[in-house]
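This briefing covers the binding sites in the structure below and two individual residue positions. Please read it with the structure open.

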Amino acid sequence: MKRESEFATHLPFLCQHWSPAQFPELREEFFATDVASDLRLTPGQVADFLSQPGWAMAYSGHQFGQFLPMLGDGRALLAAEVTHTDGTLIDVHLKGSGRTPFSRGGDGKAPLAPMWREVIYSLALHHLQIPTTRALAVYSTGEKIQRQLPENGAVLVRTAASHIRVGTFQFAARQGEDNVRALCDYAIARHYPGLNYQEFFQAVVRAQMRTVAQWMRFGFVHGVMNTDNTTISGETIDFGPCAFTDTYNPQAVFSSIDTQGRYQFGNQPAIVGWNLARLAECLLPLIGMEFAQKEMNNFGANYHDVWMDELAQALGISHADPALSAEVSSDWIAFLHHSQLDITTSMRALSENKEVNAGAFALEFDAWRLRWESLNPNKELMRGINPVYIPRNHMVEHALEQYVRHQDRDLLDQLIKVVCNPYQRNPNWVEFEQPTPEEFGPHRTFCGT
Ligand code: AMP
Ligand code: MG
């Protein structure tokens with residue numbers, strides 16, 4: 001196993017060699033055989049990462065709009081870089097591995113339930129074909145850590161195309177132009193080989209637009225879209241207080257810390273644009289003011305095109321005239337918005353030629369359906385990209401509660417199977433299809449930091 005880091009070798013000003021904490025009793029809770037085999041890693045090799053030194057990565061970030069120059073891996077370490085069977089270099093990263101020079105007031109630890117949440121949501125996004133970091137393994141540490149209540153500690157091992165974030169560029173920009181250039185050269189070589197600086201910026205923008213448009217299609221609310229949680233690769237990262245909104249509700253907020261609703265469902269496209277404008281600022285010496293301004297001025301229109309393309313695919317009408325398909329797609333979203341029908345159930349019903357129970361909105365729905373059907377939607381294609389199952393909030397919370405509080409893993413194991421098979425209806429999984437019941441009430445999610 002290679003024990004040096006290409007990132008650390010090229011960009012020493014962006015990391016510190018550091019050892020994980022020692023844990024009393026590590027126990028494997030979860031292991032993703034598919035992820036491991038793509039990286040040719042055995043369970044033993046993965047477990048060994050927890051006892052070997054790695055690198056704490058430095059970054060800055062705008063958290064809820066406020067700039068913090070010194071964030072970094074406060075409870076995480078880059079453990080290794082390994083080569084995927086497809087030839088790309090992949091980061092193996094620990095979360096909950098103890099204090100680092102970036103820990104500030106924190107204990108560097110992570111509780112078990114939020115690490116399992118990351119497993120559930122990253123699996124769900126991966127199987128919905130949304131770019132995301134992957135969960136490779138979770139270990140309980142045998143340690144009690146102090147939160148509101150004492151919690152069992154855990155370490156998550158996750159993989160990513162890289163952990164370079166907008167916040168990494170913000171950190172480098174404060175160290176001067178040479179360092180931004182070094183980071184940018186590295187990021188280009190690793191993620192967008194052959195592109196120049198301007199093309200690099202455009203590629204990051206396009207990757208992030210696509211990811212966020214996909215979130216929007218399924219109702220995913222990330223919850224903490226700080227610039228340090230916005231990757232250069234376009235991968236979704238840091239599943240803290242995330243959740244799915246069942247209905248198209250732009251005001252949906254689940255995170256207990258997002259009191260102003262900055263990261264509410266409907267704000268996500270604008271927020272990623274804002275974060276990318278921060279990246280543009282870091283890159284100004286490399287891409288020039290005029291170019292940066294032009295790109296950012298076009299952001300809204302370009303995002304709209306990506307969004308329309310995403311919806312046309314979901315509605316099986318990519319082959320139709322773009323103007324017509326955009327009109328039908330926009331009207332569908334407007335309909336989902338004011339009818340507040342369940343996004344997943346409705347999209348799947350369209351794919352399966354089933355009735356959509358539109359209640360008071362039946363007339364409007366029927367009129368829309370006629371226009372949509374006239375475009376000859378490809379329903380077979382739709383069934384491969386419109387899921388039957390998403391991780392419904394009440395199921396996630398029940399599964400975690402059952403396991404963490406009552407040591408009963410059955411529901412959690414079943415939920416993991418469900419999110420890994422979102423497109424195939426299974427007669428045993430009827431309860432996983434149901435929208436979150438009203439009595440579940442307004443759902444609140446926590447970072448677990
Ligand atoms: P996150 O909300 O996970 O994206 O983390 C934001 C920042 O807070 C990062 O710099 C983390 O490393 C840091 N952080 C979160 N939790 C802890 C913790 N328990 N101990 C130390 N640092 C933490
Ligand atoms: Mg983060």
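In this predicted model, 17 residues surround ligand 1, and those that come nearest are Gly 72, Gly 74, Arg 104, Gly 108 and Asp 238. Asp 238 also serves as a donor to the magnesium ion, ligand 2. The points below take the two ligands in turn and then two residues, Thr 132 and Ser 351.

**Ligand 1**

- By class, the shell around ligand 1 holds eight polar residues, seven charged ones and two nonpolar ones.
- Gly 72 approaches ligand 1 through its backbone: an N or O atom there lies 2.6 Å from an oxygen atom of the ligand.
- Arg 104 uses its side chain instead, with a polar atom 3.0 Å from an oxygen atom of ligand 1.
- Asp 238 likewise places a polar side-chain atom 3.0 Å from an oxygen atom of ligand 1.
- On its own, ligand 1 has 480 Å² of accessible area, and the protein covers 88% of that.

**Magnesium ion (ligand 2)**

- Two residues supply the protein donors of the magnesium ion: Asn 229 through OD1 and Asp 238 through OD.
- These donor atoms lie 1.8 to 2.2 Å from the ion.
- Both Asn 229 and Asp 238 are buried.
- Asp 238 thus appears in two settings, as a magnesium donor and among the residues that come nearest to ligand 1.

**Thr 132**

- Thr 132 sits in the loop that runs between helix α4 (112-127) and strand β9 (134-146).
- Thr 132 counts as buried because its relative accessibility is 7%, and the cut-off for buried is under 20%.
- Outside its neighbours within four places in sequence, Thr 132 is in contact with Ser 122, Leu 125, His 126, Glu 235, Thr 236 and Phe 239.
- Thr 132 and Ile 237 are 105 residues apart along the chain, yet their C-alpha atoms are separated by 6.3 Å.

**Ser 351**

- Ser 351 belongs to helix α12, which spans residues 343-351.
- Ser 351 is buried because its relative accessible area is 0%, against a limit of under 20%.
- Leaving out neighbours within four places in sequence, the contacts of Ser 351 are Lys 379, Met 382, Arg 383 and Asn 386.

Methods. Residues numbered from 1 in each chain as written. Chains lettered and ligands numbered in written order. Predicted model: local features only at pLDDT ≥ 70, side-chain atom pairs only at ≥ 80, totals over all residues. Heavy atoms only, no water. Donors = N, O, S within 2.8 Å, 3.2 Å for Na, K, Ca; no water. Buried < 20%, exposed > 50% of the residue type's maximum accessible area, 1.4 Å probe, protein only. Near = heavy atom within 4 Å. Polar contact = N/O pair within 3.5 Å; in protein donor to acceptor, adjacent residues only side chain to side chain. Areas by Shrake-Rupley, 256 points an atom, 1.4 Å probe, with all protein chains shown as cover. Nonpolar A, V, L, I, M, F, W, Y, C, P; charged D, E, K, R; others polar. Helix = DSSP H or I, 4+ residues; strand = E, 2+ residues; numbered from the N terminus. Contact = heavy atoms within 4.5 Å.
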